[in-house]
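Reader: I've got a model open on my screen and want to walk through how its pieces pack. Can you take me through it?

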Amino acid sequence: MDPSIREFKDFDIGEIYALVSDVYTTSDGMSEALEEKFPDLESFRQYIAALSSRPGSIALVAESGGRLYGYLTIMPRYQAKLSHTSELNMGVKHGARGKGIGRLLLGDALLRARSSGVLEIIYLMVRADNASAIRLYENMGFDRIAVLKNDTKTQNGYYDGWLMRKFVND
Ligand SMILES: CC(C)(COP(=O)(O)OP(=O)(O)OC[C@H]1O[C@@H](n2cnc3c(N)ncnc32)[C@H](O)[C@@H]1OP(=O)(O)O)[C@@H](O)C(=O)NCCC(=O)NCCS
C-alpha cells in the first residue's frame, strides 16, 4: 500500500464517517465513545462544517486504491486570543495500523500547518498506555507537557493521560 494524503473535501463525507467510526469502535485508546463524539452522520457533518469555517484548520485522509485508511484533523480553537492554538485528532483503520500511515498523515499535516502561517501550537491528549501513538507524536516533535493522573476510568481501572504539545515552527 502506498497511500496518498488528500483533503477531506475530495471525498464523500459518508466514507470518512465510516472510517472514523471504524477507528472509534476498534480503539481502546480513544477517550470518547463514537456515540458520544459523533453519534450519527449529521453530527459528524456539523463538526466538519465547524472545522472548515476556522482559518488554519486541517482535515486530511490517507487514500489508496479508492479506499480510506486514516484521517487527521487539526481544529483551531475558536476564541480569538486562542486561535493560534489547536487540537489534533487522528486515527488509522483497524488492520492498517503500524504501517507508517499515521506518520504520513502527521508529516503532511505539519507541513501544511507551517505553510498556512495561522497555526502556532498544536495540542493533543493521549492515554499513557497508547505506545504507538506516543511514539509517533514524539518522533514528530511533540513534547509531553503534563501527566493527567487517573484521567480515564474504565471497568479495568484508571489510566493516566498525557497532554502533548508541538510548536509548529520548531
Ligand atoms: C496511533 C495511530 C494513529 C498511529 O498510526 P499508525 O499508522 O499505526 O502509526 P505508524 O505506523 O505511522 O507508526 C508510528 C510509530 O509507532 C510505532 N509503533 C507502531 N505500533 C507500535 C506498538 N504496538 N508499540 C510501540 N510502537 C509502535 C512505529 O514503529 C512508529 O515508530 P517509528 O517511526 O519509530 O518506527 C494508529 O495506531 C491508531 O489509529 N490507533 C488507534 C486510534 C488512536 O489511538 N488514535 C490516537 C489517539 S491520541
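Reader: How are helix 1 and helix 3 oriented to each other?
Author: Keep in mind that this is a predicted model. The axes of helix 1 and helix 3 (residues 41–53) come within 10 Å and cross at roughly 105°. Angles from 65 to 115 degrees count as roughly perpendicular. Helix 1 and helix 3 are therefore roughly perpendicular to each other.

Reader: Which residues of helix 3 meet helix 1?
Author: By class, the contact of the two helices has six nonpolar, one polar and one charged residues. On the helix 1 side you'll find Ile13, Gly14, Tyr17 and Val20. Their partners in helix 3 are Leu41, Phe44, Arg45 and Ile48.

Reader: Let's zoom in on Tyr17: is that residue buried or exposed?
Author: Tyr17 sits in helix 1. Leaving out residues up to four places away in sequence, Tyr17 touches Leu41 and Phe44. The cut-off for a buried residue is 20 or more other C-beta atoms within 10 Å. Tyr17 has 21 of them, so the call is buried.

Reader: And what separates the C-alpha atoms of Tyr17 and Phe38?
Author: Along the chain, Tyr17 and Phe38 are 21 residues apart. In space, their C-alpha atoms are separated by 8.7 Å.

Reader: On to the largest nonpolar core: which helix gives the most to it?
Author: That core has 30 residues, and Ile16, Leu60, Tyr71, Leu105, Ala109 and Ala113 have the most contacts inside it. At least two residues each come from helix 1 (13–26), strand 2 (58–64), strand 3 (67–76), strand 4 (85–92) and helix 4 (101–116). The top contributor, with seven residues, is helix 4.

Reader: Which residues does Tyr71 touch?
Author: Tyr71 is one of the residues with the most contacts inside that core. Not counting residues up to four places away in sequence, Tyr71 touches Ile16, Leu19, Val20, Leu60, Val61, Met90 and Gly91.

Reader: How many residues are in the second, separate core?
Author: Look for Ala133, Phe142, Trp162 and Met164, which are among its members. The size of this second core is six residues.

Reader: Now the ligand: which helix gives the most to the shell around it?
Author: The ligand is surrounded by 23 residues, the closest being Arg97, Gly102, Arg103, Ser132 and Ala133. By class, the shell divides into ten nonpolar, nine polar and four charged residues. Strand 4, helix 4, strand 5 (121–127) and helix 5 (131–139) each supply at least two of the residues. The one that gives the most, with six residues, is helix 5.

Reader: Where does Met125 lie, and how does it count for exposure?
Author: Met125 lies in strand 5. Apart from residues up to four places away in sequence, Met125 touches Ser31, Gly161 and Leu163. A residue is buried at 20 or more C-beta neighbours and exposed at 12 or fewer. Met125 has 16 inside 10 Å, so it counts as partly exposed.

Reader: How far apart in space are Met125 and Ser83?
Author: In sequence, Met125 and Ser83 are 42 residues apart. From C-alpha to C-alpha, the distance is 18 Å.

Reader: Last one: what is phi of Asn150 near?
Author: Asn150 is in strand 6 (residues 143–154). Asn150 has 10 C-beta neighbours inside 10 Å, so it counts as exposed. Its phi is a positive value in a residue other than glycine, near 55°.

Conventions
Residues numbered from 1 in each chain as written. Predicted model: local features only at pLDDT ≥ 70, side-chain atom pairs only at ≥ 80, totals over all residues. Core = buried A, V, L, I, M, F, W, Y, C linked by C-beta atoms within 7 Å. Helix = DSSP H or I, 4+ residues; strand = E, 2+ residues; numbered from the N terminus. Contact = placed C-beta atoms within 7 Å. Near = placed C-beta within 6 Å. Nonpolar A, V, L, I, M, F, W, Y, C, P; charged D, E, K, R; others polar. Axes fitted to C-alpha atoms, helices over the stretch in contact; angles between N-to-C directions. Parallel < 35°, antiparallel > 145°, perpendicular 65-115°, else oblique.
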